[in-house]
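Student: I have a model open and would like to talk through its helix packing and its metal sites. Could we go one feature at a time?

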Amino acid sequence: MKTIDIIHDEHRALASVLQALRFVVGEIRSGKLQPDFRLLAAMVDYITQVPEKVHHPKEDDYFFPLLRARSAKASALIDQLEAQHRDGTRMTGELLQALIHYQSFEASGFAAFDALLQHYLDFNWQHLNLEEGELLPLAREALSEADWQALDTEFSANFDPFSGAEGEYETLFRRIVNMTPAPYGLGA
Ligand SMILES: [Fe+2]
Ligand SMILES: [Fe+2]
């Protein structure tokens, strides 16, 4: 079941950028790091674009509809996950607005950006756990071998879990790695 591996890999890729963002913002909060707005913008861009353009479409367009057709039990959970995808899009938009405000009014803008980010991190953690802990077990139970093959074909059209289907986010990901301070990245 390549599909399950790909879902796990993409979750881990997203989680690694979110962890790096949590680290950077924590260092700014404690005064150990001056804000690098190019890095923060690249990170917010990544956590907006990659779920929305690479990961969620595969779940929304292929995985959820197929499982919905096969398992009545999964229906309420899928409703919840679809709603979370929409909420996630709204929240990353708000995060970008808060970042723009933070960049313009550094002193007053940090707290609001930080609060939104912590909220988003908790929300996203819960979403990934729901998918891995509840959705995938239901799918293992309900989907046939032919179903998995059909999903594997759709899910396999992927360059790698960090970089999108055609490597379109590779440069953005590399920029983040290079700018993020150690130990999360290669930056100073
Ligand atoms: Fe999802
Ligand atoms: Fe997911």
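Student: Let's start with helix 2 and helix 6: is their crossing left-handed or right-handed?

Tutor: Keeping in mind that this is a predicted model, the crossing of helix 2 with helix 6 is left-handed.

Student: Which residues make that contact?

Tutor: Helix 2 contributes Arg-38, Leu-39, Ala-42, Met-43, Asp-45 and Tyr-46, while helix 6 contributes Leu-172, Phe-173, Arg-175, Ile-176 and Met-179. Sorted by class, the contact holds eight nonpolar and three charged residues, with no polar ones.

Student: And at what angle do the axes of helix 2 and helix 6 cross?

Tutor: The axes of helix 2 (residues 37-70) and helix 6 (residues 170-179) cross at roughly 140° and come within 10 Å of each other. Since only angles over 145 degrees count as roughly antiparallel, helix 2 and helix 6 are therefore described as oblique to each other.

Student: OK, what about helix 2 and helix 5, how are they oriented to each other?

Tutor: For helix 2 and helix 5 (residues 145-155) the axes cross at roughly 175°, again coming within 10 Å, and the two helices are therefore roughly antiparallel. On the helix 2 side the contact is made by Lys-58, Glu-59, Tyr-62, Phe-63, Leu-66 and Arg-70, and on the helix 5 side by Asp-147, Trp-148, Leu-151, Glu-154 and Phe-155. That contact comprises six nonpolar and five charged residues and no polar ones.

Student: Glu-59 caught my eye; which metal ions does Glu-59 bridge?

Tutor: Glu-59 bridges the iron ion (ligand 1) and the iron ion (ligand 2), and these two ions lie 3.1 Å apart.

Student: Then which residues coordinate the iron ion (ligand 1)?

Tutor: The iron ion (ligand 1) is coordinated by Glu-59 (OE), His-85 (NE2), His-127 (NE2) and Glu-131 (OE), at 2.0 to 2.2 Å. Along the chain these donors follow the spacing E-x25-H-x41-H-x3-E. Of these residues, His-127 and Glu-131 both lie in helix 4 (residues 106-142), where they are four residues apart, about one turn of the helix.

Student: Why is the arrangement around the iron ion (ligand 1) irregular?

Tutor: The four donor atoms around the iron ion (ligand 1) subtend angles of 87 to 176°, and that makes the arrangement irregular. For comparison, the ideal angle for four tetrahedral donors is 109.5 degrees.

Student: Now the other one: which are the protein donors of the iron ion (ligand 2)?

Tutor: For the iron ion (ligand 2) the protein donors are His-11 (NE2), His-55 (NE2), Glu-59 (OE) and Glu-131 (OE), which lie 2.0 to 2.1 Å from the ion. The four donor atoms there subtend angles of 82 to 174°, which makes this arrangement irregular as well. In sequence the donor residues of the iron ion (ligand 2) are spaced H-x43-H-x3-E-x71-E. This links distant parts of the chain, with His-11 in helix 1 (residues 2-29) and Glu-131 in helix 4, 120 residues apart.

Student: So how do helix 1 and helix 4 pack?

Tutor: Helix 1 and helix 4 pack at an angle of about 160°, with their axes 11 Å apart, which makes helix 1 roughly antiparallel to helix 4. Their crossing is left-handed, and the residues of the contact divide into 14 nonpolar, four polar and six charged.

Student: Last topic: which residues does the cis peptide bond join?

Tutor: The cis peptide bond joins Ala-182 and Pro-183, with omega about 10°, and Pro-183 is placed in the segment after helix 6.

Notes
Residues are numbered from 1 along each chain as its sequence is written. Chains are lettered from A and ligands numbered from 1 in the order in which they are written. This is a predicted model: local features need pLDDT of at least 70, side-chain atom pairs count only at pLDDT 80 or more; totals for chains, interfaces and linings use all residues. Side-chain values use heavy atoms; hydrogens and water are left out. Axes are lines fitted to C-alpha atoms, for helices over the stretch in contact, and angles run from 0 to 180 degrees between N-to-C directions. Angles under 35 degrees count as roughly parallel, over 145 as roughly antiparallel, 65 to 115 as roughly perpendicular and the rest as oblique. A crossing is left-handed if the near helix is turned anticlockwise from the far one by less than a right angle, and right-handed if clockwise. Contact means heavy atoms within 4.5 Å. Ala, Val, Leu, Ile, Met, Phe, Trp, Tyr, Cys and Pro count as nonpolar, Asp, Glu, Lys and Arg as charged, and the others, Gly among them, as polar. Donors are N, O and S atoms within 2.8 Å of the metal (3.2 Å for Na, K and Ca); water is not among the atoms, so sites may look incomplete. Four donors count as tetrahedral if all angles lie between 85 and 135 degrees; four count as square planar and six as octahedral if opposite donors are over 155 degrees apart and all others between 65 and 115; anything else is irregular.
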